[in-house]
Amino acid sequence: MVDDEKKVNQVVDNGKGDAGADGRGYELPLLLFAGFRTLIDRLHAELARQGHPDVRPAHGFAMQAVGPDGATASEVGRRLGVSKQAAGKTVDRLIALGYATRTDDPADARRKLVRLTPHGIDALRRSAAIFDELRTEWAAALGADRLADLEAGLRTVVPPDAFRLDAAGWMSGS
């Protein structure tokens, strides 16, 4: 039985991974992920309260991949870094929930475009507002200057092309 009080990386932690007095190297990605997870969980709890109880994190990424002009299921898959089949399942779910619809592509009758419905656009608009509120809460907890420094520091070390929608595919090894 694993002692819950031990660090996640207890198996490989031999005491030599010290990244300084404030922690070990493996803690940084865990803290960043936990911060991300905290924000996403709070976002979805508030979205549910505001009338979007069925939206899941993958749906948000998929709706971003659909974009304002629509996209084919293949394009959604490429943008998300998942197979066309996986993208198709996610698109089917968005359609079933009323967040997206399939329409004929006016430029090519052989293609179907996925487009966001007003319900889908509402979910994204509410998400943006909720993220602003959560950021304000973080600024109150950390101090506005510390949060600005954190964001500036992350912008320094995170490459510009890191803002991609393929997190789900990347994490699953696709």
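Let's start with one residue: Leu32 is found in helix α1. Leu32 is partly exposed, at a relative accessible area of 43%, and it belongs to a nonpolar patch on the surface, together with Leu28, Leu142, Leu150, Leu154, Val157 and Val158. The accessible area of these residues together is about 550 Å². Two elements, α1 and α6 (144–157), give two or more residues to the patch, and α6 brings the largest share, three residues. Keep in mind that what you are looking at is a predicted model.

**The overall layout**

Stepping back, the protein has seven helices and two strands. Read from the N terminus on, the order is α-α-α-α-β-β-α-α-α. Of the 174 residues, 27% are buried. Take the contacts between residues at least 6 apart in sequence: 49% of them join residues at least 24 apart. On the outside, the accessible surface comes to about 11900 Å², and carbon and sulfur atoms account for 56% of that.

**Into the core**

The largest nonpolar core has 21 residues, and the members that touch the most others are Val55, Met63, Val76, Leu94 and Tyr99. Who supplies this core? At least two residues each come from α1 (27–49), α2 (57–66), α3 (73–80), α4 (84–97), β2 (108–116) and α5 (118–142). Val76 makes a handy example: leaving aside residues up to four places away in sequence, Val76 touches Ala65, Val66, Ala71, Ala87 and Val91.

Helix α2 deserves a look of its own. Its buried residues are His59, Ala62, Met63, Ala65 and Val66. Looking down the axis of α2, you would find these buried residues within an arc of 155°, so they line one face of the helix. Covering them are elements that include α3, α4, β2 and α5. Just after α2 comes Gly67, which has a positive phi of about 70°.

**Salt bridges**

Charged side chains pair up too: the structure holds 10 salt bridges. Here are some of them.

| Salt bridge | Closest N to O distance |
|---|---|
| Arg49 and Glu46 | 2.6 Å |
| Lys112 and Asp104 | 2.5 Å |
| Glu151 and Arg135 | 2.6 Å |

The pair of Glu151 and Arg135 links two helices: Glu151 sits in α6 and Arg135 in α5, so this salt bridge ties together parts that are 16 residues apart in sequence. Arg135 is partly exposed, at 37% relative accessibility. There is also a network, in which salt bridges that share partners join Glu75, Asp105 and Arg111.

How far apart in sequence are Arg49 and Glu46? Both lie in helix α1, three residues apart, which is about one turn of the helix. An α-helix has 3.6 residues a turn, so residues three or four places apart point the same way. Are the two partners buried or exposed? Arg49 counts as exposed because its relative accessible area is 62%, over the 50% cut-off. Glu46 is buried because its value of 18% falls under the 20% limit. As for Lys112, a relative accessibility of 45% makes it partly exposed.

**Putting it together**

Helix α1 turns up in several places: it supplies residues to the core, contributes to the nonpolar patch and holds the pair of Arg49 and Glu46. Helix α5 also supplies residues to the core, and its Arg135 meets Glu151 of α6.

Conventions
Residues numbered from 1 in each chain as written. Predicted model: local features only at pLDDT ≥ 70, side-chain atom pairs only at ≥ 80, totals over all residues. Heavy atoms only, no water. Core = buried A, V, L, I, M, F, W, Y, C linked by side-chain atoms within 4.5 Å. Buried < 20%, exposed > 50% of the residue type's maximum accessible area, 1.4 Å probe, protein only. Helix = DSSP H or I, 4+ residues; strand = E, 2+ residues; numbered from the N terminus. Contact = heavy atoms within 4.5 Å. Patch = residues over 30% accessible without salt bridge, like charges linked within 9 Å, V, L, I, M, F, W, Y side chains within 5 Å. Areas by Shrake-Rupley, 256 points an atom, 1.4 Å probe, with all protein chains shown as cover. Salt bridge = Lys/Arg side-chain N within 4 Å of Asp/Glu carboxyl O. Arc of directions from axis to C-beta.
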